Amino acid sequence: MHTYEKENLIRLRTGLAECTVLLKKDGRFPLTAPCKIAAYGNGVRHTQKGGTGSGEVNSRFFITVEQGLQDAGFTITTEKWLDAYDELRVQAKEQFVKDIRSEARKQHTRTLLLGMGAVMPEPEYDLPLNGAGDTAIYVLSRTSGEGSDRKITSGDFLLTHTEQRDILALNHKYNNFMLVLNVGGPVDLSPVQNVKNILILSQLGVETGAVLADILLGKANPSGKLTATWAEEGNYPDIGNFGDINDTFYKEGIYVGYRWFDAAEREALYSFGFGLSYTEFAVSDIHTAIDGRKVTVTAIITNTGKYPGKEILQVYLSCPQGKLDKPVRELTAFCKTAELTPMQSQRVAASFDLSDFASYDEKTASYILEKGNYVVLCGTSADHAVAAAALRLDQTITTRRVKPLLGNPGFTDWKPTIRIKTYDVPVLPVNAAAFTSETVSYEKINAIDEIIREMNGENLCLMNMGAFDPHGGLSGVIGNAGTNVAGAAGESTGAFKNIGIPPIIMADGPAGLRISAQCYRDKKGLHSFGPAIPATFLDFMPKLFRLFFGRNPKLPKGSVLQEQYCTAIPVGTAIAQSFNLEFAQTCAAVM
């Protein structure tokens with residue numbers, strides 16, 4: 001293993017548990033020591049470290065839940081169940097691919113277009129739940145990827161009948177039971193709401209399974225908060241035509257995520273910003289101050305429970321309802337504590353610039369803060385935020401003037417009727433003189449413009465098409481088509497380096513760089529070695545293509561094989577759930 005791989009794992013490991021979210025608890029976890037454990041569910045052996053397609057990072061290894069439990073000293077008592085499930089899964093996968101191929105023929109389209117990112121629904125089955133021991137987990141896994149939206153169907157966003165039945169049965173049967181969600185996005189948990197312990201493990205990259213073992217044993221404490229609203233099927237937005245394969249009109253305007261749930265007054269199972277801990281926290285001595293445009297909220301957070309842990313102060317702003325759309329409340333700032341031992345306290349501070357929450361006014365082509373009261377709320381989640389102060393602005397202020405460039409979208413946004421709440425809180429005056437009106441100019445980058453004007457049609461085509469091997473067929477334009485970085489997804493042309501336009505190398509990588517795990521060097525440079533496209537795409541390609549793209553090529557004579565394994569980091573939703581800016585910066589530094 002390369003030194004950089006070891007260093008990356010060390011840098012990431014300490015922050016991974018902060019990406020997990022504890023939704024429910026009954027006090028039976030963490031466990032005091034490794035024990036016999038009955039592990040069920042599709043995510044035990046088939047744990048997802050990240051998404052498919054561009055998310056398929058070529059890491060040297062990956063720790064599944066099964067391996068993580070075994071490495072931590074647990075004895076898994078459900079090997080027969082896991083083996084039987086594997087056989088059923090193979091059959092389900094074969095049928096899924098057949099169904100995709102059949103549907104592609106009906107639509108007279110390519111199988112790859114329908115199969116790219118398509119999610120195989122979890123199959124129904126009936127296997128006995130006869131694992132030994134007093135402790136059990138059910139690991140529910142879902143995957144997703146580029147080219148396909150998740151669907152509100154059984155085995156995807158919805159739980160299957162089998163999953164519901166088994167989860168509820170295990171919750172009743174075992175003294176210590178935890179439902180573990182190895183997912184990148186929400187699933188409908190309404191049928192299993194009486195489960196005693198629920199953890200969103202998420203998809204944490206290389207060491208996903210090891211992190212779960214740490215959490216079960218109390219070596220790590222979940223401290224993440226939701227960055228998406230989890231609700232049952234019928235309570236999500238039904239505005240517009242999201243997901244239309246031909247065109248999509250985003251008519252929800254600014255009312256996205258928790259902003260929509262607030263405006264539409266729909267209930268959530270678990271709201272934005274929600275997340276428990278093995279321990280408990282109290283927030284006290286909240287204070288709000290304004291200095292010019294900068295607003296700062298301070299508070300004391302105390303660990304009142306039995307375990308060490310971290311908590312997050314979340315600050316929201318409720319803007320006046322004037323002529324422009326404004327959400328009921330909007331997250332403006334947050335701050336995460338250090339790890340606090342029982343009864344330890346920390347004063348934290350979270351700040352924001354009030355001008356950042358100006359809204360765009362189409363009629364004047366400017367961003368404005370409308371006059372009125374801007375109420376500051378703070379707490380440990382959106383639903384547990386209390387009003388702390390009101391910022392009083394006595395006149396409407398223009399913060400920026402711009403030039404409209406995008407034209408008319410051809411539709412109007414949905415507009416709710418928002419009930420205005422009143423709060424009995426201290427009022428702090430805002431000094432209008434602290435705000436300046438900025439005019440944004442749109443000057444052309446003349447040097448590049450001059451170069452482009454000098455190019456002929458063929459050169460302009462090369463600029464638009466990017467670099468590719470004209471003799472490489474499909475392998476020259478997709479998958480591992482990069483040449484400056486072997487195995488990168490692609491790059492812009494390098495034909496014009498001599499006139500000041502260098503190539504831009506584009507690696508896939510929402511969860512770590514997706515480049516070839518191996519490469520070789522010859523007289524012409526560095527080349528990727530191995531399959532040309534992600535493995536999940538192969539099932540949906542014609543047989544001849546599968547043989548060509550999935551083959552292990554021969555190493556050219558005289559060349560030297562090199563390794564360039566990358567580290568799979570947590571998926572974006574998991575990093576966001578940490579509410580830890582330093583950890584997000586660590587992930588960026590790893591990439």
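**From a helix end to the whole fold**

Immediately after helix α9, Gly466 adopts a positive phi of about 85°. The model in which this glycine appears is a predicted one. Helix α9 itself covers residues 457–465, and its N-terminal end is capped by Asn456. In this cap, a side-chain oxygen of Asn456 lies 3.2 Å from the backbone nitrogen of Glu458. Helix α9 is thus described at both ends: Asn456 caps the N-terminal one, and Gly466 comes just after the helix.

A second glycine, Gly73, belongs to the loop that links α2 (65–71) to β3 (75–76). Its relative accessible area of 44% makes Gly73 partly exposed, because that class lies between the 20% limit for buried and the 50% limit for exposed residues. In space, the C-alpha atom of Gly73 is 8.7 Å from that of Ala33, although 40 residues separate the two in sequence.

These local features sit within a protein whose secondary structure comprises 13 helices and 23 strands. The radius of gyration is 27 Å, close to the 25 Å that the globule rule gives for 591 residues, so the protein is as compact as a globular protein of that length. Along the principal axes, the C-alpha atoms fill a box of roughly 75 × 75 × 50 Å.

Within the protein, 48% of the 591 residues count as buried. Among contacts with a separation of 6 or more, 74% are between residues 24 or more positions apart. The accessible surface comes to about 29,400 Å², and carbon and sulfur atoms contribute 52% of it. As for charge, the mean positions of the 59 positive and 64 negative charges are 3 Å apart.

Conventions:
Residues are numbered from 1 along each chain as its sequence is written. This is a predicted model: local features need pLDDT of at least 70, side-chain atom pairs count only at pLDDT 80 or more; totals for chains, interfaces and linings use all residues. Side-chain values use heavy atoms; hydrogens and water are left out. Helices (H or I, at least four residues) and strands (E, at least two) are DSSP runs, numbered from the N terminus. The radius of gyration is taken over C-alpha atoms; the globule rule is 2.2 Å times the number of residues to the power 0.38. Buried means under 20% relative accessible area, exposed over 50%, partly exposed in between (1.4 Å probe, protein chains only). Contact means heavy atoms within 4.5 Å. Accessible areas come from the Shrake-Rupley method with a 1.4 Å probe; for residues, only the protein chains shown count as cover. Lys and Arg count as positive and Asp and Glu as negative; His and the chain ends are not counted. The place of a charge is taken as NZ of Lys, CZ of Arg, CG of Asp or CD of Glu. A polar contact is a pair of N or O atoms within 3.5 Å; within protein, one must be able to donate a hydrogen and the other to accept it, and residues adjacent in sequence count only if both atoms are side-chain atoms.
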